[in-house]
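Hi,

Here is the structure I promised to pass on. Have a look at it first, and then read my notes below.

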Amino acid sequence: TERHLMIRCFFRFLSPAHVGMAPTRTMGMTIWVLLVGVALSCLFGGVDGKKKHSKGEHKRLAKCAACVAVAQEMGETMVKEWKDHEGQTILIEKRKKKQKVPYVDSELAVHEVLEKVCEEHHYNNYNLTGVGGVVRFVKGDRDVGSKEHKKKLQGMCQHLIADHEKEVVDFLYSQRTAPEHMMEKAPSGMCVEVAGLCTEAEALSAASPPP
């Protein structure tokens with residue numbers, strides 16, 4: 001496992017074989033401290049470099065993470081809309097005849113959600129983190145998010161609707177028969193298939209809670 005590899009890396013740097021001599025009393029303290037520092041860097045920084053992203057890569061992953069957070073917010077708001085209006089009916093015109101249909105089976109419910117899901121209060125509690133080398137937006141219980149992150153998420157929400165409204169509507173509407181799977185499917189459906197901002201693995205990682 002990664003933990004085992006990091007531990008091996010730690011002891012490799014501290015071993016006599018690595019330093020070329022046994023750590024005797026005559027070894028300079030400066031050299032020993034330096035070796036310990038390198039070993040700790042290896043232990044906590046990882047052994048494969050995956051936790052460090054270039055500036056351009058971090059920006060791309062942050063966009064993916066923003067999309068995933070917005071997709072989850074849309075999914076959560078959509079499921080709440082269906083639950084709050086369960087059993088209600090609306091009149092629609094079909095083939096020049098007015099018919100009563102369940103509200104949850106209408107696209108009107110989806111459009112109602114898209115009208116409000118980009119509002120500022122939906123994104124008050126998000127912060128961008130890189131825990132475990134994964135760039136993700138994490139939603140907290142309180143209003144602790146930064147204005148910058150709130151602005152990014154609002155912008156992503158508006159971008160998804162402006163550039164992919166039909167596809168977003170189609171996706172959300174398609175989930176009405178199994179809303180219990182919405183939160184599982186929304187990140188991939190929105191950010192991989194619709195917007196193309198993530199790979200499947202990146203969407204899954206950004207959607208998973210931090211360790």
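What covers the buried residues of helix 7? Among the parts that do so are helix 4, helix 6 and helix 8. I'll come back to that helix after a word on the ground rules.

This is a predicted model, so local features were kept only at pLDDT of at least 70 and side-chain atom pairs only at pLDDT 80 or more, while totals for chains, interfaces and linings use all residues. Residues are numbered from 1 along each chain as its sequence is written, and side-chain values use heavy atoms, with hydrogens and water left out. Helices (H or I, at least four residues) and strands (E, at least two) are DSSP runs, numbered from the N terminus. "Buried" stands for under 20% relative accessible area, "exposed" for over 50%, and "partly exposed" for in between (1.4 Å probe, protein chains only). "Contact" stands for heavy atoms within 4.5 Å.

Back to helix 7, then. Its buried residues are Met182, Ala186, Pro187, Ser188, Gly189, Met190, Cys191 and Val194. Helix 7 has 13 residues, yet its end C-alpha atoms are only 15 Å apart, where a straight helix at 1.5 Å a residue would reach 18 Å. (The expected span is 1.5 Å times one less than the number of residues.) Just after helix 7 comes glycine 196, with a positive phi of about 65 degrees.

Helix 6 falls short too: residues 147-174 make 28 residues, but the end C-alpha atoms are only 33 Å apart, against 40 Å for a straight helix at 1.5 Å a residue. Look at histidine 164, where helix 6 bends by about 100 degrees. The bend at a residue is the angle between axes fitted to the seven residues ending there and the seven starting there.

Now the cysteines. Counting a disulfide as a pair of cysteine sulfur atoms within 2.5 Å, the total comes to 3 disulfides.

- Cysteine 64 is joined to cysteine 198, S to S 2.0 Å. Cysteine 64 lies in helix 4 (residues 55-84) and cysteine 198 in the loop between helix 7 (182-194) and helix 8 (200-207), so this pair ties together parts 134 residues apart in sequence. The torsion about the S-S bond is about 115 degrees, so the disulfide is right-handed. Cysteine 64 is buried at a relative accessible area of 1%, and cysteine 198 is buried at 8%.
- Cysteine 67 pairs with cysteine 191, their sulfur atoms 2.1 Å apart. This one links helix 4, home of cysteine 67, to helix 7, home of cysteine 191, and the two are 124 residues apart. Its S-S torsion is about -100 degrees, so it is left-handed. Both cysteine 67 and cysteine 191 are buried.
- Cysteine 118 is bonded to cysteine 157, S to S 2.0 Å. Here the link runs from the loop between helix 5 (107-116) and strand 3 (126-129), which holds cysteine 118, to cysteine 157 in helix 6, 39 residues apart. With a torsion of about -85 degrees, this disulfide is left-handed. Cysteine 118 is buried at 13% and cysteine 157 at 0%.

Next, a residue from helix 4: valine 70. Valine 70 has 0% relative accessibility, so it counts as buried. Setting aside neighbours within four places in sequence, valine 70 is in contact with Tyr123, Leu153, Met156, Cys157 and Leu160. Valine 70 and methionine 156 are 86 residues apart in sequence but 7.2 Å apart in space, C-alpha to C-alpha.

The loop between helix 5 and strand 3 also holds glutamate 120, which is partly exposed at 46% relative accessibility. Leaving out neighbours within four places in sequence, glutamate 120 is in contact with Lys150 and Gln154.

Last, the rings. Rings of Phe, Tyr and Trp (its six-membered ring) pair if their centres lie within 6.5 Å; planes under 30 degrees apart count as stacked, over 60 as edge-to-face and the rest as tilted. The structure has 1 aromatic pair: tyrosine 123 and tyrosine 126, tilted, at 6.1 Å centre to centre and 40 degrees between the planes. Tyrosine 123 is buried at 0%, and tyrosine 126 is buried at 3%.

Cheers
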